[in-house]
Amino acid sequence: MLQAKFNNAPLFLGEVQQYVEEIIYASSEYGPATSISYNSINVIGRPKNFPVHGEHSDSYLLTSYGNWRMLAPSFTPEFGLSKIPTVDNPPVDDFLVVSFERAVYPTGVEVYETLNPGAVYRIWAYTEHCQWVLLWDKRVDATLEDIRNTARSKARVFLPETRPISHRTRVLRFEFSTRDLNYISGIDAIMLKSLLIDIVELQPEDNPTQLEQAAEPQREPTQHEPSITNMPYEMIFKIFSYLDLKSLRNVEKVSATFHDVVRDSRLYREVNMRPYWMEMNSQLLEWLNERCADIRKLDLSWFLMRHGRSLTHLRLNSVGFRQATDFVMSLCPNVTELCLQNMHIGDDVHLEAKLTKLIKLDLAGATISSTTLMNLLQLNPSLQHLNISCCKYERFPIADTIGRYNRELVSLNLFKTRALSADDLVPLANCTKLQELNLGYANYEVVQEGELSRLVEACPDLRKLVLAGFRGVQNNDLLTIAQHCPALEYLDLMGCITVSGESVNAIFIGCSAFRFLEFSHCDEITDEWITEWINRYPQVALKYKEY
């Protein structure tokens with residue numbers, strides 16, 4: 001909806017202010033797609049909470065902060081990035097794509113941040129000519145001051161000094177970096193500003209993407225001219241092994257010799273196209289597809305290829321097509337790491353004798369049939385890392401399946417699955433190798449008294465434990481953790497309203513590696529306990545309602 005004005009927002013003569021009309025895609029959500037609270041859908045429309053700072057359920061909260069995720073047992077580092085220049089691989093953790101009603105020449109953007117501002121890292125515009133154009137980059141572009149931002153208010157209007165572009169847009173992509181934040185970031189609304197009367201569109205320039213830039217064919221050297229092209233094949237290959245895909249795509253046009261070397265499939269054992277998402281097209285896909293016969297690790301959300309049998313690591317997070325599932329099942333039988341975040345996995349997938357070598361399975365935010373999920377778990381007894389947070393599937397006794405078939409698990413994430421009944425912690429106690437366990441909002445019934453204690457007692461190597469919103473956490477459970485989990489580093493008790501400061505204090509005493517405690521909305525913990533922990537345990541990051 002086009003807005004002529006917004007409360008206290010300054011409106012300049014001849015300016016149009018639009019708010020988000022639709023959420024096209026969010027790489028991560030705080031809850032399942034069936035939920036509204038804290039999810040990206042709350043960015044639609046005018047600000048609802050600004051300038052009030054806080055964890056508003058009708059705003060959009062990003063799901064992570066700090067580097068704690070990278071320290072967890074479930075973390076697997078990125079691959080295929082060593083050759084990519086830093087400028088092309090910024091520290092982006094999540095993204096949000098939104099659309100507005102009218103395509104315009106943008107003159108500015110406003111982001112209403114109502115919780116822990118500072119997450120926006122880059123802003124992109126998708127033009128009417130089907131190209132992504134960079135509007136703002138935190139590393140090089142300025143941020144404007146605004147009279148609505150006062151020293152007394154923790155909320156703010158973020159005003160990036162955007163770059164002018166020569167084509168209209170109605171779609172923006174916001175990229176977020178949360179690894180340096182000290183708490184969750186929240187966004188209330190986004191405004192796109194433009195002139196009331198658009199300027200005359202500039203003539204489009206011939207500006208191919210960097211990965212497509214054509215180079216004039218170079219003259220082959222004469223027989224007596226010294227040239228790098230006359231070097232032995234393996235020496236040229238060694239030099240090219242240090243080049244990123246951009247450089248390879250350009251250098252192959254230099255000569256026939258270079259072209260032959262660039263086609264060597266050994267250069268494409270590990271391919272990570274995530275930093276180049278904005279430059280993908282069918283030509284580049286075909287170019288890469290012809291060179292990946294021996295590929296081992298692939299990170300590419302929208303990439304289909306013929307050569308899948310050699311793949312051992314496949315990341316298709318936030319994928320945009322449903323056919324990817326059939327590709328994985330039929331062409332990638334040797335995959336050990338499979339990440340399908342936010343994917344829709346069809347009900348007609350057949351898994352007999354396929355995908356039996358999985359070590360890591362990430363289905364966070366995915367939609368999958370209960371039969372497919374059950375088969376995946378049963379076929380992979382060596383599975384070590386399982387993430388089904390916010391995963392949508394028809395309820396079945398998943399805890400029984402995990403406890404029976406997946407006893408090698410090192411990490412298990414059931415966040416907001418609402419999958420556990422009162423008795424479901426009993427079979428999970430068979431997973432005695434667990435080092436990371438996320439039970440946040442995972443149960444739809446209060447667990448039987450003592451079952452949580454028996455579970456953590458069976459898992460003495462626990463390093464990270466999330467109990468946020470878990471129904472039935474008692475003080476005795478914390479005393480058991482303090483006694484039997486000496487390696488514990490990370491504990492999230494958000495919303496555990498019955499736990500006392502005395503029982504939490506036992507964790508500080510019994511767990512010498514303790515480094516992180518989240519206890520927002522734990523009403524029984526007094527300020528005296530908080531003051532004591534701050535003074536006595538400065539090495540522990542404390543996260544509570546004061547954020």
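Lys416 counts as buried, its relative accessibility being 15%, where the cut-off for that class is under 20%. In this predicted model, Lys416 belongs to the loop between strand S18 (411-413) and helix H9 (425-428). Its phi is positive, at about 55 degrees, although Lys416 is not a glycine.

**Backbone geometry**

Most residues other than glycine have a negative phi, and most peptide bonds are trans. Against that background, Asn342 also deserves mention: its phi is near 65 degrees, a positive value in a residue other than glycine. Asn342 sits in the loop that runs between strand S15 (337-339) and strand S16 (360-362). With a relative accessible area of 21%, Asn342 is partly exposed, whereas Lys416 is buried at 15%.

A further backbone feature concerns a peptide bond. The bond from Phe50 to Pro51 is cis, and its omega is near 10 degrees. Pro51 is placed in the loop between S3 and S4.

**The loop between S3 and S4 and a nonpolar patch**

The loop that holds Pro51 also holds Ile41, which is placed between strand S3 (22-26) and strand S4 (60-61). Ile41 has a relative accessibility of 45% and therefore counts as partly exposed. Together with Ile36 and Ile44, Ile41 makes a nonpolar surface patch of about 260 Å².

**Salt bridges**

The count of salt bridges comes to 23. Three of the pairs are set out below, with the separation given between N and O atoms.

| Acidic residue | Basic residue | N to O separation |
|---|---|---|
| Asp88 | Lys246 | 3.2 Å |
| Glu110 | Arg148 | 3.0 Å |
| Glu290 | Arg291 | 3.6 Å |

What does the salt bridge of Asp88 and Lys246 tie together? The side chains of Asp88 and Lys246 meet at 3.2 Å, N to O. Asp88 lies in the loop between helix H1 (68-71) and strand S5 (94-104), while Lys246 lies in helix H3 (residues 245-251), so the pair ties together parts that are 158 residues apart in sequence. Asp88 and Lys246 are both buried.

The salt bridge between Glu110 and Arg148 has its closest N and O atoms 3.0 Å apart. Because Glu110 is in strand S6 (residues 106-115) and Arg148 is in the loop between strand S8 (132-137) and strand S9 (156-158), this pair ties together parts that are 38 residues apart in sequence. Glu110 and Arg148 are both buried. The two residues also belong to a network of salt bridges that links Glu110, Asp146, Arg148 and Lys193.

In the remaining pair of the table, the side chains of Glu290 and Arg291 meet at 3.6 Å, N to O. Are these partners buried or partly exposed? Glu290 is partly exposed, with a relative accessible area of 37%. Arg291, by contrast, has a relative accessible area of 2% and is buried.

**The cavity**

How many cavities of 30 Å³ or more does a search of the whole structure find? The search returns 1 such cavity. The volume of the largest cavity is about 40 Å³. Its lining consists of Ser64, Tyr65, Gly66, Arg69, Met70, Asp93, Thr178 and Arg179. By class, the lining residues divide into 2 nonpolar, 3 polar and 3 charged.

**Sequence separation and spatial separation**

Two further residue pairs relate chain position to position in space. Cys459 is in the loop between helix H10 (451-457) and strand S20 (464-466). Its relative accessible area is 0%, so Cys459 is buried. Cys459 and Glu436 are separated by 23 residues in sequence and by 9.6 Å in space, C-alpha to C-alpha.

Glu489 is in the loop between helix H11 (475-484) and strand S21 (490-492). With 26% relative accessibility, Glu489 counts as partly exposed. The C-alpha atoms of Glu489 and Ala513 are 5.3 Å apart, and the two residues are 24 residues apart along the chain.

Notes:
Residues are numbered from 1 along each chain as its sequence is written. This is a predicted model: local features need pLDDT of at least 70, side-chain atom pairs count only at pLDDT 80 or more; totals for chains, interfaces and linings use all residues. Side-chain values use heavy atoms; hydrogens and water are left out. On a 1 Å grid over the protein atoms alone, a cavity is a set of points where a 1.4 Å probe fits but cannot get out, and a pocket is an open set with protein on both sides within 12 Å along at least five of seven lines; lining residues have an atom within 4 Å of a point. Grid points are joined across faces, edges and corners, and a volume is the space filled by probe spheres set on the points. Ala, Val, Leu, Ile, Met, Phe, Trp, Tyr, Cys and Pro count as nonpolar, Asp, Glu, Lys and Arg as charged, and the others, Gly among them, as polar. Patches are made of residues with over 30% relative accessible area and no salt bridge: like charges are joined within 9 Å, nonpolar side chains (Val, Leu, Ile, Met, Phe, Trp, Tyr) within 5 Å. Accessible areas come from the Shrake-Rupley method with a 1.4 Å probe; for residues, only the protein chains shown count as cover. A salt bridge is a side-chain nitrogen of Lys or Arg within 4 Å of a carboxyl oxygen of Asp or Glu. Helices (H or I, at least four residues) and strands (E, at least two) are DSSP runs, numbered from the N terminus. Buried means under 20% relative accessible area, exposed over 50%, partly exposed in between (1.4 Å probe, protein chains only).
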